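Work through these exercises with the model open beside you. Try each task before you read its solution.

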Amino acid sequence: MNILAECFPGPKEYYLTNPTDVVRDNGKNEWKYKREFTIPLEQSLEAHINGTSNKGVVLPPLVWNEEKQIYECIWGAIDIDGEIYKDDKFKKSILKKIQDTPFCVCFSKSKGLHLYIRFTDWVDAEKVLEILKSYLHKFGLPEDTECFPKQSKNVKMGNGIMFPFMKGY
């Protein structure tokens, strides 16, 4: 199970989320998020994958580099959801477009797409955001498509994206 933690290193703190009975206007269930301080990430990932918990792991890609005094990432993601994620033809076109790119694709909990990219070394978070946003146009995605990291500075802990492979979702 540590392979996910190795592939997606992030801060020591992360979020756990679980579905509620509230359904949004877009038909998706509302999820409740809670910042996690005490449970080791590997333990939460184990429960996320094997279904021993109904809580999913949401990890921000930002890690503070004390020496450089900047936020860095070794991975990032593009979250394709909203009205677009309901269009199977559009999703297939995205799958074709990413074939010759460094992205890996997974379904999101709402059956949208998460496009993950992993770098060989830690990269300034501002540069990661620039890279992700440059791919939005290449993939034919709206400019307001969510990219993670969402922030690159002036945050205690950035927004996170739900890990793939949560059992039952």
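For counting charges, Lys and Arg are positive and Asp and Glu are negative, while His and the chain ends are left out. The model used here is predicted.

**Exercise 1. Find how far apart the mean positions of the positive and negative charges are.**

Step 1: Count the charges. The protein has 24 positive and 24 negative ones.
Step 2: Compare their mean positions. These lie 4 Å apart.

**Exercise 2. List the elements in order and judge how compact the protein is.**

Step 1: Count the elements. There are 4 helices and 9 strands.
Step 2: Read from the N terminus. The order is α-β-β-α-β-β-β-α-β-β-α-β-β.
Step 3: Check the radius of gyration. It is 16 Å, close to the 15 Å that the globule rule gives for 169 residues, so the protein is as compact as a globular protein of that length.
Step 4: Look at the contacts with a separation of 6 or more. Residues 24 or more positions apart account for 68% of them.

**Exercise 3. Locate the largest nonpolar core and name the elements that supply it.**

Step 1: Recall a general tendency. In soluble globular proteins, nonpolar side chains tend to be buried together.
Step 2: Note the buried share. Of the 169 residues, 44% count as buried, that is, under 20% relative accessible area.
Step 3: Find the core. The largest one has 23 residues, and those with the most contacts inside it include Ile78, Phe103 and Leu115.
Step 4: Trace its sources. Strand E5 (70-80), helix H3 (88-97), strand E7 (113-124) and helix H4 (125-138) each supply at least two residues. The largest share, 6 residues, comes from H4.
Step 5: Zoom in on Leu115. Beyond its neighbours within four places in sequence, Leu115 contacts Ile78, Ile94, Phe103 and Phe139, among others.
Step 6: Look for another core. One of 17 residues lies apart from the largest, and Phe8, Leu41 and Trp75 are among its members.

**Exercise 4. Find the unusual backbone geometry at Gln69, Asn154 and Pro149.**

Step 1: Recall what is usual. Most residues other than glycine have a negative phi, and most peptide bonds are trans.
Step 2: Inspect Gln69. Its phi is positive, about 60°. Gln69 sits in the loop between strand E4 (63-65) and E5, and is partly exposed at 45% relative accessibility.
Step 3: Inspect Asn154. Its phi is also positive, about 55°. Asn154 is exposed, with a relative accessible area of 75%.
Step 4: Inspect Pro149. A cis peptide bond joins Phe148 to Pro149, with omega about 20°.
Step 5: Place the last two. Pro149 lies in the loop between strand E8 (146-148) and strand E9 (161-162). Asn154 is in the loop between E8 and E9.

How values were computed: Residues numbered from 1 in each chain as written. Predicted model: local features only at pLDDT ≥ 70, side-chain atom pairs only at ≥ 80, totals over all residues. Heavy atoms only, no water. Rg over C-alpha atoms; globule rule 2.2 N^0.38 Å. Buried < 20%, exposed > 50% of the residue type's maximum accessible area, 1.4 Å probe, protein only. Contact = heavy atoms within 4.5 Å. Charge placed at Lys NZ, Arg CZ, Asp CG, Glu CD. Core = buried A, V, L, I, M, F, W, Y, C linked by side-chain atoms within 4.5 Å.
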